[in-house]
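User: Please take a close look at one helix of this protein, and explain how that part is packed and what lies around it.

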Amino acid sequence: MEVTMKTGVEGPKHDPYGTETWTITGEYKGAEITLTYHQGLDEWFTIDTSSKVRVNYDGGTLKLMSECCEKLTGKTFDEVRGIWEEKEYGMFCETCNDFPPDVTSHKGYPGETIYCCTKCSNPVNSFQDMSAVI
Ligand SMILES: [Zn+2]
């Protein structure tokens, strides 16, 4: 599994919109396949060279994207993102002085995932998935 994430900006200059583009490469039926997922003003995903599939707000296409991700990597998109974030930003428990600490994830507000140290239960990081709120 290979994951990259690039941030960018799109939309009109007077009202720019931050974007995230995820590229997740995995293997399916012996072939290497790349899933690209773009979040921004426009939200879509592609599988290899497929045409863009627009993500709509009923959650159906987002579920489909996550299912594709699971077929390629054995993990849902949220899990893949969690692993990536942990690697990218790292987590540090100030109480235990552990880096990286063992963490468990908990659900917070809608779309929010909180990572807590397993030793002292203090939160060490959190992640907000805006798509779950909108
Ligand atoms: Zn701790």
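**Helix α2 and its surroundings**

Analyst: Just beyond the end of α2, glycine 90 adopts a positive phi of about 70°. The model is a predicted one, and what follows is a reading of its computed geometry.

The helix itself can be checked by its length. Helix α2 covers residues 77-89, and at 1.5 Å a residue its 13 residues should span 18 Å; the C-alpha atoms at its ends are 18 Å apart, so the two values agree. The buried residues of α2 are Phe77, Val80 and Arg81. Viewed down the axis of α2, these buried residues fall within an arc of 95°, and therefore they line one face of the helix. The spacing fits a general rule: an α-helix has 3.6 residues a turn, so residues three or four places apart point the same way. The cover over the buried residues of α2 includes the strands β1 (2-10), β2 (17-28) and β3 (31-39), together with helix α1 (60-73).

Phenylalanine 77, which belongs to helix α2, deserves separate attention. It counts as buried because 22 C-beta neighbours lie inside 10 Å, where the cut-off for a buried residue is 20 or more. Once its neighbours within four places in sequence are left aside, phenylalanine 77 is in contact with Tyr37, Met65, Ser66 and Cys69. Of these partners, Met65, Ser66 and Cys69 are among the buried residues of α1. By contrast, the C-alpha atoms of phenylalanine 77 and cysteine 117, 40 residues apart along the chain, are separated by 22 Å.

The partner helix can be read in the same manner. With 14 residues, α1 reaches 20 Å from its first C-alpha to its last, close to the 20 Å expected at 1.5 Å a residue. Its buried residues are Met65, Ser66, Cys68, Cys69, Leu72 and Thr73. Seen down the axis of α1, they fall within an arc of 155°, so they too line one face of their helix. The face of α1 turned away from this buried side carries the exposed residues Gly60 and Glu67. The buried residues of α1 pack against β2, β3, β4 (44-47) and α2, while β2 and β3 are also included in what covers the buried residues of α2. After α1 comes glycine 74, whose phi is positive, near 80°.

The position of α2 in the whole protein remains to be described. The protein has two helices and eight strands, and from the N terminus on its elements run β-β-β-β-β-α-α-β-β-β. It is divided into domain 1 (1-89) and domain 2 (91-134), and the centres of these domains, taken over C-alpha atoms, are separated by 22 Å. Six residues from domain 1 and seven residues from domain 2 take part in the contact. On the side of domain 1 that touches domain 2, α2 gives the most, with three residues. By class, that side of domain 1 has two nonpolar, two polar and two charged residues.

For the protein as a whole, the C-alpha atoms fill a box of roughly 50 × 45 × 25 Å along the principal axes, and buried residues make up 20% of the 134 residues. Among contacts between residues at least 6 apart in sequence, 25% join residues at least 24 apart. Taken together, α2 has a buried face covered by elements that include α1, and it also gives the most residues to the side of domain 1 that touches domain 2.

Conventions:
Residues numbered from 1 in each chain as written. Predicted model: local features only at pLDDT ≥ 70, side-chain atom pairs only at ≥ 80, totals over all residues. Helix = DSSP H or I, 4+ residues; strand = E, 2+ residues; numbered from the N terminus. Expected span 1.5 Å × (residues − 1). Buried ≥ 20, exposed ≤ 12 C-beta atoms within 10 Å, placed from the backbone. Arc of directions from axis to C-beta. Contact = placed C-beta atoms within 7 Å. Domains from an automatic or database assignment. Nonpolar A, V, L, I, M, F, W, Y, C, P; charged D, E, K, R; others polar.
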